[in-house]
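This report describes one protein chain in running text. The sequence and the model come first, followed by notes on the backbone, the salt bridges, the surface and the interior.

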Amino acid sequence: MRRALLWLLLSPSLAFALETQVLPQGAIMLDVGYLRTSLDKQWSGDRRALSLIDDIPRYEPGGGLQGILRARPVAEFDFLLVSALYGVTDALSVGVNVPILMRSTIATNLSWEPGDYQPQLGRKYSLEDFWSWAASMGQPRVPDRVVNTQFRLADIVLGAKYLLPRFEWMKANHFRWSAQLNVALPTGSNADPEEAVSVGTNLWELHAAGDVELHLAADKHFFVDEAGVYRLNLGADASYAFFRPRQYTAGKGLKNPLLNNNAFYVGDTYWIDPGDWFAGTVSVDVVPFIGPTRASIVSGGSLEKAQALPPMVTLSASYTYIATLQSDWQSNSKLWDWEREKLWQPGEKNVFKFTGTVSLLRLGVPIQLYASYRTQDIVPGRFTRPANVFTGGVRALMKFW
């Protein structure tokens, strides 16, 4: 029986607002967000929705089909995302993002399709018969619901964004471009190889971002007032994500002898090269309400500077296309490798994100509130696992000199 590995889409990218947004020199932004994500399927190569776990046929030793064990798991996760950004110069910002898994809930939704008639029983095997037989082999029953409330650190992401020099025509047409580098620290964990249902917190298992990412982004403002505040922004971002090969420990059946006992044929350890990503994003930001403005400590007592602060309400939408390359699994069993590689062939994600931001800076309160919803269900992908993600949080901005 195969072990259940569950991937989801987290978003540990640094919390810049626009595609090219950087902080003023000396400014600090602290961002604390809550992320709720759910996952219940994977996309096939022909864009069909499949269960996260393949059907598992079970056979009598030397005999016929006992039945088919099916699982339709639904995974839900609660993350705390803590970020900090600092404006080194007016053109360069650096930051760190710390994702923490607070709670995971996985409903296994197991079912049983009876197999061949069993003469020794005078009937076909039922699900209860299967678990009784499994218990005789030392295999405990998989619970219907697995809840883990132990806090676990995911991969910490360090990043830097640089606002590239602009030609005069760029300034005249309110056009900006930037380059960004993100590097992940290996602070996350792998899935437990001995558990029947388990999830890791490294970026590959979360299927969130690369270990190293390069971004080139651009923004174009429209309907800009004298203070430089826009009513409409169009943005674009092109990126490349590198995934390093990583080593995993194979299951030895210590807790689940029928589920996780592959070490004897794949080896004590095996390697996964996840395959890199290429991505492109287009976005639009609309300002329906700029809001009142007053001189305050946020603007240094200057009304003119206050009028250049971000608008009170911004609505954003974006579409991201991600092309995922072929994975490469390396163990002592070529057949086992291919059984995993065929689930992670060259594929794609189609990610839509909708965000609302309320900024109180113009009123003299250095706080921004935001909420976003991210989905991959609108346009089916291929050989990926779509997650629906809700994020809400608060940003505090400050400057001490």
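In which loop is R47 found? R47 is found in the loop between β3 (residues 42-43) and β4. The model is a predicted one, and the sections below take up its features by topic.

**Overall layout**

The chain has 6 helices and 26 strands. Its C-alpha trace spans about 90 × 35 × 35 Å along the principal axes. Of the 401 residues, 50% count as buried.

**Backbone points**

Most residues other than glycine have a negative phi. R47 is not a glycine, yet its phi is positive, at about 70 degrees. R47 counts as partly exposed because its relative accessibility is 36%, which falls between the limits of 20% for buried and 50% for exposed.

A positive phi is also found at N109, a residue other than glycine, with a value near 50 degrees. N109 sits in the loop that joins β8 (92-107) to β9 (110-114). The relative accessible area of N109 is 41%, so N109 is partly exposed.

L361 belongs to the loop between β24 (347-359) and β25. With a relative accessible area of 6%, L361 is buried. P310 is 51 residues from L361 in sequence, but the C-alpha atoms of the two are 7.0 Å apart in space.

**Salt bridges**

The structure holds 19 salt bridges. Three of them are set out here by their N to O distance.

| Acidic residue | Basic residue | N to O distance |
|---|---|---|
| E76 | R36 | 3.0 Å |
| D55 | R72 | 3.5 Å |
| D211 | R246 | 2.6 Å |

What does the bridge between E76 and R36 tie together? E76 forms a salt bridge with R36. E76 lies in strand β7 (residues 74-87) and R36 in strand β2 (residues 28-39), so the pair ties together parts that are 40 residues apart in sequence. E76 is partly exposed because its relative accessible area is 25%. R36 is partly exposed as well, with a relative accessible area of 29%.

The side chains of D55 and R72 also meet in a salt bridge. This pair links distant parts of the chain, 17 residues apart: D55 is in the loop between β4 (49-50) and β5 (56-59), while R72 is in the loop between β6 (65-71) and β7. D55 counts as partly exposed at 30% relative accessibility, and R72 is partly exposed with a relative accessible area of 38%. D55 and R72 also belong to a network of salt bridges that links them with R70 and E113.

Are D211 and R246 buried or exposed? Both D211 and R246 are buried, and their side chains meet in a salt bridge. D211 lies in the loop between α3 (203-206) and β17 (212-222), and R246 lies in strand β19 (residues 246-249), so this pair ties together parts that are 35 residues apart in sequence.

**A nonpolar surface patch**

Which residues make the nonpolar surface patch of about 520 Å²? The patch is made by Y34, F354, Y373, I378, V379 and F390. One of these residues, V379, is placed in the loop between β25 (367-375) and β26 (387-398). V379 counts as partly exposed because its relative accessibility is 31%, and a patch residue needs over 30% relative accessible area.

**Internal cavities**

Rolling a probe the size of a water molecule over the atoms shows where empty space is left. How many cavities of 30 Å³ or more does a search of the whole structure find? The search finds 2 cavities of that volume or more.

The second largest cavity holds about 50 Å³ of space. The residues that line this cavity are W204, H207, P274, W277, T324, L325, W344, Q345 and F383. By type, the lining of the second largest cavity divides into 6 nonpolar residues and 3 polar ones, with no charged residue. The polar residues of the lining are H207, T324 and Q345, because residues that count neither as nonpolar nor as charged are taken as polar.

Technical notes:
Residues numbered from 1 in each chain as written. Predicted model: local features only at pLDDT ≥ 70, side-chain atom pairs only at ≥ 80, totals over all residues. Heavy atoms only, no water. Patch = residues over 30% accessible without salt bridge, like charges linked within 9 Å, V, L, I, M, F, W, Y side chains within 5 Å. Areas by Shrake-Rupley, 256 points an atom, 1.4 Å probe, with all protein chains shown as cover. Salt bridge = Lys/Arg side-chain N within 4 Å of Asp/Glu carboxyl O. Helix = DSSP H or I, 4+ residues; strand = E, 2+ residues; numbered from the N terminus. Buried < 20%, exposed > 50% of the residue type's maximum accessible area, 1.4 Å probe, protein only. 1 Å grid on protein atoms, 1.4 Å probe; cavity = no way out; pocket = protein on both sides within 12 Å on 5 of 7 lines; lining within 4 Å. Points joined across faces, edges and corners; volume = space filled by probe spheres on them.
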